[in-house]
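Ready for a walk through a protein? Take a moment to turn the structure around on your screen, and then we'll go from one hollow to the next.

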Amino acid sequence: MAHKIYNFSAGPSKLPEVVLEIAKNELTNYQGKGFSVMEISHRGKDFAEVLTNAQQNLRKLLNISDDYAILFLQGGATQQFSQIPLNLLGGRSADYIITGAWSEKSFSEAQKVSSYKNAPEHQIRLVASTQHSNFTKLPEVSEIKLNPFAAYLHLCTNETIHGVEIDPNRLAPLPNVPLIADMSSHILSRPFDIEKFGLIYAGAQKNIGPAGLTLVIVRRDLLGLADLNTPKILDYAQLAENDSMINTPPTFAIYMAGLVFDWLLNTCGGLEKISEKNQQKADLLYSTIDNSENFYQNLVEKDCRSRMNVPFIINKDLDKENVLLNKFLSEAEKNGLIGLKGHKSVGGLRASLYNAISLEEVKVLCDFMQEFQRTA
Ligand SMILES: *Cc1c(COP(=O)(O)O)cnc(C)c1O
């Protein structure tokens, strides 16, 4: 018999079991209609209902007004790194803040888009970077010199690899410059005021659903700024006008995301509730790390530790050759704990505590960690 799996993967990651059960039951017979949701036209009334319900539930969850368009796209969050400047630069420059690997990538992709224009006023400006700290803290607000005429300011509010999180509720709204955020790995983990943002985006495979779907929520006054030579399929205005269906959207992934939105709203009781749970989970894991007498270490400053992605290491003085690290990973796997290997660029360990992970599952991880330390 297969034993229980505790899946701490950073993405694609664990989905709520009840959602998978519903999808399983409906896989060949969607709502008793005799076909799979995968097998029907995206233009027909059954799929239209799936799409509308998903959008409506997402609007409720995040309290999104009609001033914003919700787009269900493809290409991953990575495609947004170039789609955003293509759509929003409008011949101007933009400001970027780098707090980890993902915002670094978005910055370098934006430079490619803007460099076609070859003029300094079209530059993508780096206004703050915490690379000097190995991405263990947030930039000092006093260090950030924003361009008040920038087309937008871009940041990543949760760095999945480095485990650094900016609580969107702590961001001061910018009066004139639209704020753009990559929220891939913490969207829907807590309530926040969408009105502070011009655009937010997220690849679905962290906290929303299966891979293949990218969520973009954009304020409608930012639509229509794209260059005339922007391909239609990349133009937010065209995508919004066509309800994300210029071509065939990722229908099954949208259906799954819709089930997750429904689960958050009706089973979990909304984002306030899920946020409390997420806080408890993160508190438990961080306290296990911090109380391990430096056997385990998380190097991120306490005020910006991610609640979703917790990178940690086994003390390098005790484990110069990664013997303990490898033993940890293989023993974890024997106990059903998977997805704990750190990202290849930083090594070490990482536990991702997305919405679908329960407090009990985090307890199992923490018990395992303590037992491993005791016997190491
Ligand atoms: C995973 C991730 C991405 C990349 O997402 P893809 O959908 O694979 O393109 C970008 N940003 C953040 C913060 C991520 O966690």
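Let's begin at the second largest pocket, where E12 is the element that gives the most to the lining, with three residues. Keep in mind as you look that this is a predicted model. E12 covers residues 309-314, and together with strand E14 (349-352) it belongs to the strands that each supply at least two residues of this lining. In all, 21 residues line the second largest pocket, and His-162, Leu-299, Pro-311, Ile-313 and Val-346 are the ones nearest its centre. The space inside comes to about 330 Å³. What sort of residues make up this lining, by class? There are nine nonpolar, 10 polar and two charged ones.

Now hop over to the largest pocket, which has a volume of about 560 Å³. Its lining is made of 20 residues, and if you want to find the centre, look for Pro-139, Val-141, Ile-144, Arg-170 and Leu-171, which lie nearest to it. Sort this lining by class and you get 13 nonpolar residues, seven charged ones and no polar ones.

Those were pockets, so what about cavities? Rolling a probe the size of a water molecule over the atoms shows where empty space is left. In this structure, one cavity of 30 Å³ or more turns up, and the largest cavity holds about 70 Å³ of space. It has 15 lining residues, with Lys-14, Leu-15, Pro-16, Asn-207 and Ala-356 closest to its centre. The lining of the largest cavity splits into eight nonpolar, five polar and two charged residues.

Next, find Ser-13, which sits in the loop between strand E1 (6-7) and helix H1 (17-26). Is Ser-13 buried or exposed? Its relative accessible area is 11%, and since anything under 20% counts as buried, Ser-13 is buried. Its side chain has company, too. It reaches the backbone oxygen of Gln-205 at 3.0 Å, and a polar atom of the Ser-13 side chain also lies 2.8 Å from the backbone oxygen of Lys-206.

Hold on to those two partners, as they come back at the ligand. Which residues come nearest to the ligand? Out of the 13 residues around it, they are Thr-78, Thr-160, Asp-182, Gln-205 and Lys-206. So Gln-205 offers its backbone oxygen to the side chain of Ser-13 at 3.0 Å, while a polar atom of the Gln-205 side chain lies 2.9 Å from an oxygen atom of the ligand. Thr-78 has an N or O atom in its side chain 2.5 Å from a ligand oxygen. For Asp-182, the partner is a nitrogen atom of the ligand, 2.6 Å from a side-chain N or O atom. How much of the ligand does the protein cover? On its own the ligand has 380 Å² of accessible area, and the protein covers 87% of that.

Step back a little and look at the whole shell around the ligand. Helix H3 (residues 76-88) gives the most to it, with four residues. By class, the shell has four nonpolar, seven polar and two charged residues.

One last stop is Leu-337, in strand E13 (residues 337-338). With 3% relative accessibility, Leu-337 counts as buried. Compare its place with that of Thr-157: the two are 180 residues apart in sequence, and from C-alpha to C-alpha they are 27 Å apart in space.

How values were computed:
Residues numbered from 1 in each chain as written. Predicted model: local features only at pLDDT ≥ 70, side-chain atom pairs only at ≥ 80, totals over all residues. Heavy atoms only, no water. Near = heavy atom within 4 Å. Polar contact = N/O pair within 3.5 Å; in protein donor to acceptor, adjacent residues only side chain to side chain. Areas by Shrake-Rupley, 256 points an atom, 1.4 Å probe, with all protein chains shown as cover. Nonpolar A, V, L, I, M, F, W, Y, C, P; charged D, E, K, R; others polar. 1 Å grid on protein atoms, 1.4 Å probe; cavity = no way out; pocket = protein on both sides within 12 Å on 5 of 7 lines; lining within 4 Å. Points joined across faces, edges and corners; volume = space filled by probe spheres on them. Buried < 20%, exposed > 50% of the residue type's maximum accessible area, 1.4 Å probe, protein only.
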